[in-house]
Amino acid sequence: MRTLKKEYVLHLMLLPGVIATLIYAYGPMAGLVMAFQQFEPLSGFFKSEFVGFDNFRYVFALPDFGQVLWNTIIIAIFKMILFLLVPLILALLLNEVTRKWFSGFIQSAIFLPFFLSWTVLGGVVIELFSLSGPVNGLLTEIGFQPIMFMLDNDWFRGIVIGSDVWKGMGYNMIVMLAAIVGINATLYEAAEVDGAGKWKQVMHITLPGISPILILLGVLSLGGILNAGFEQILIMYNPTVYEGADIIDTFVYRLGMFSQQFGPAAAIGLFKSVISLGLVSITYYAAYKLNNYRIF
Amino acid sequence: MHKPSISRKLFVVFNTLLLTAITLLGIIPFIHLLSISLSSNTAAMAGEVKLWPVGFSLDAYQYLGEKVEFFRSLWVSVQRVVLGTAVNMLLVFITAFPLAKSNHQFKFRTPYVWFFAITMFFGGGLIPTYIIVKDTGIIDSIWALVLPGALNVWNMVLMLNFFRSIPRELDEAAIIDGAGHWRVLWQIYLPVSLPSIATIGLFTIVGHWNSWFDGILYLNSPEKYPLQTYLSTLIMSINAQMSSMSIEQLKVMDNLSEKTLRNAQIFMGALPIMLVYPFLQKYFVKGMTVGSVKE
């Protein structure tokens, strides 16, 4: 009783957050029952008819579903690899820049797209690669035919991956750069005395020194293997490139919001959430084992 | 330090050139965007504009000054940023405070932490969330952009970690002097956590400013769209038209659309972020390294 009296204020402080979370985070989780229902918006969760796994069977049998799953995984994997590789190379190169203002300027420029929305960046990318855009201008100038980048399934996928790396690379680069700067400087001095060149120093000191953060970033990104970039693709794509760029999230969006197939759309969403949760759990466990990483 | 070798000098030259090229890659698209918006519409449509405006003209910005949709959505954005950030920050602050206490000080801490943490890893997904938002009756109002994300658990964890670095003696002394939890929160924690609040506040402001998809999803009337949602409709409508056209039609369409105006609007959508960018970058780098590199 005494603790309750002392602590009730703390419960009170948590109340608004708890209510918001109950409604808008746990509410939708409970709402996932619709994945097992023949959901009728008018009847709601309580009165809609239960159909067991019919929605799942229906969705997995859809001709597009295999392609959508494949697109999601392939785009996500490419993004993951490049999100480790490109920032790593940039961080290593940037670390060799001795003039501080130059280094700072480069960092700012690389980091800038990270802060802008996909509406702005999508608009920029579409403009750059449009038929009358500068990329095609350059191509025709050196004697090539103009390419309809945004309407070609292969090119479009490349642009999706490339532009996402362009937007996000500054983030990982700065994390890696911070790790590099944190390496004990005496190690380099010792290596230099022993006659190790820059290359050897990178291979034997820098890379091993930041490998924990590299592993951590890699492991954590695995949890997002079914997140290929919803907002980005939604703003950039068009029906011609559905074949190469339709991902689970965009598919769910169209199925649910335009075709009103709420049950099947929720079923795919649940499928995705369960797989993601599994991957996140595994990778968090791995990150904890490898690097003692915890959020709390 | 000995004299740099030839290969070292070569590397430095190569490195500088490469990094300069990458830097340009980060900036040039935005210069191009600005140049188009400052060019004459005919030059922009013919694809003549590269890095410098061709047929310099402020027409696009003059049109923009009369464009009702643009200013209406800008105003919605301002409201959203102010309201959303206020709600988010308040909730982050008062939620992180009890959870930063030790189990000894707050017996129910652990169950609460789990209650919030689970939502970081599992969610209902798009469709059930939409239905809940609809059922709570906030669809088509600004609250649909604010309430579903009222408590950002990630930011709350950042705040919580910061609170834990505040020396215990500080609030113990206050409590001995007879202060209650609210008093400790506002009069001791608030002043010392201003840097942290600024960091998370900037994250939140940028997040609200940049969000566009929830507007598409939850708002039915275009006159309620915030700026980024309005911009997204401009961009997605070109995409939709584009896909059903031949090359000839595409060229014609390029000619019909108000390309300079569109680019001017997109540029204006990015401008506020570019203006506060120097501050942003400093705070974000700090916040990121605190949040991600932890021993």
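Is F115(B) buried or exposed, and what is its relative accessible area? F115(B) is buried, and its relative accessible area is 18%. The model described in this report is predicted.

## Aromatic pairs

Counted over all chains, the structure holds 35 aromatic pairs. One of them joins F56(A) and F60(A) in a tilted arrangement, with 6.4 Å from centre to centre and 45° between the planes. These two residues stand four apart in helix α3 of chain A, which covers residues 54-61, so about one helical turn separates them. The partners do not share one accessibility class: F56(A) counts as buried at 10% relative accessibility, whereas F60(A) is partly exposed at 41%.

In chain B, the rings of F115(B) and F116(B) also form a pair. Their centres are 5.2 Å apart and their planes meet at 80°; the pair is therefore edge-to-face, since planes over 60 degrees apart fall in that class. F116(B) counts as buried, with a relative accessibility of 1%, and F115(B) is likewise buried, at 18%. The value for F115(B) lies under the 20% limit that defines a buried residue.

## An aromatic cluster in chain A

The pair of F56(A) and F60(A) belongs to a wider grouping. One aromatic cluster is formed by F36(A), F53(A), F56(A), F60(A), F65(A) and F271(A). Within this cluster, F56(A) is a buried member and F60(A) a partly exposed one.

## A lysine over two rings

Which rings have K167(A) over them? One is the ring of F114(A): K167(A) lies over its face, at 5.9 Å from the ring centre. Another is the ring of W118(A), where the charged end of K167(A) sits 5.6 Å from the centre.

## A nonpolar surface patch

Residues of chains A and B together make a nonpolar surface patch of about 820 Å². From chain A come Y8(A), L12(A), L15(A), I19(A), L22(A) and I23(A), while L90(B), W182(B) and W186(B) come from chain B. Two elements give two or more residues each to this patch: α1 of chain A, spanning residues 2-31, and α10 of chain B, spanning 181-192. The largest share, six residues, is that of α1(A).

Y8(A), a member of the patch, is placed in helix α1 of chain A. Y8(A) has a relative accessible area of 47% and is thus partly exposed. That value is over the 30% relative accessible area asked of patch residues.

Conventions: Residues are numbered from 1 along each chain as its sequence is written. Chains are lettered from A and ligands numbered from 1 in the order in which they are written. This is a predicted model: local features need pLDDT of at least 70, side-chain atom pairs count only at pLDDT 80 or more; totals for chains, interfaces and linings use all residues. Side-chain values use heavy atoms; hydrogens and water are left out. Rings of Phe, Tyr and Trp (its six-membered ring) pair if their centres lie within 6.5 Å; planes under 30 degrees apart count as stacked, over 60 as edge-to-face and the rest as tilted. Buried means under 20% relative accessible area, exposed over 50%, partly exposed in between (1.4 Å probe, protein chains only). A charge sits over a ring if NZ of Lys or CZ of Arg is within 6 Å of the ring centre and within 35 degrees of the ring normal. Patches are made of residues with over 30% relative accessible area and no salt bridge: like charges are joined within 9 Å, nonpolar side chains (Val, Leu, Ile, Met, Phe, Trp, Tyr) within 5 Å. Accessible areas come from the Shrake-Rupley method with a 1.4 Å probe; for residues, only the protein chains shown count as cover. A salt bridge is a side-chain nitrogen of Lys or Arg within 4 Å of a carboxyl oxygen of Asp or Glu.
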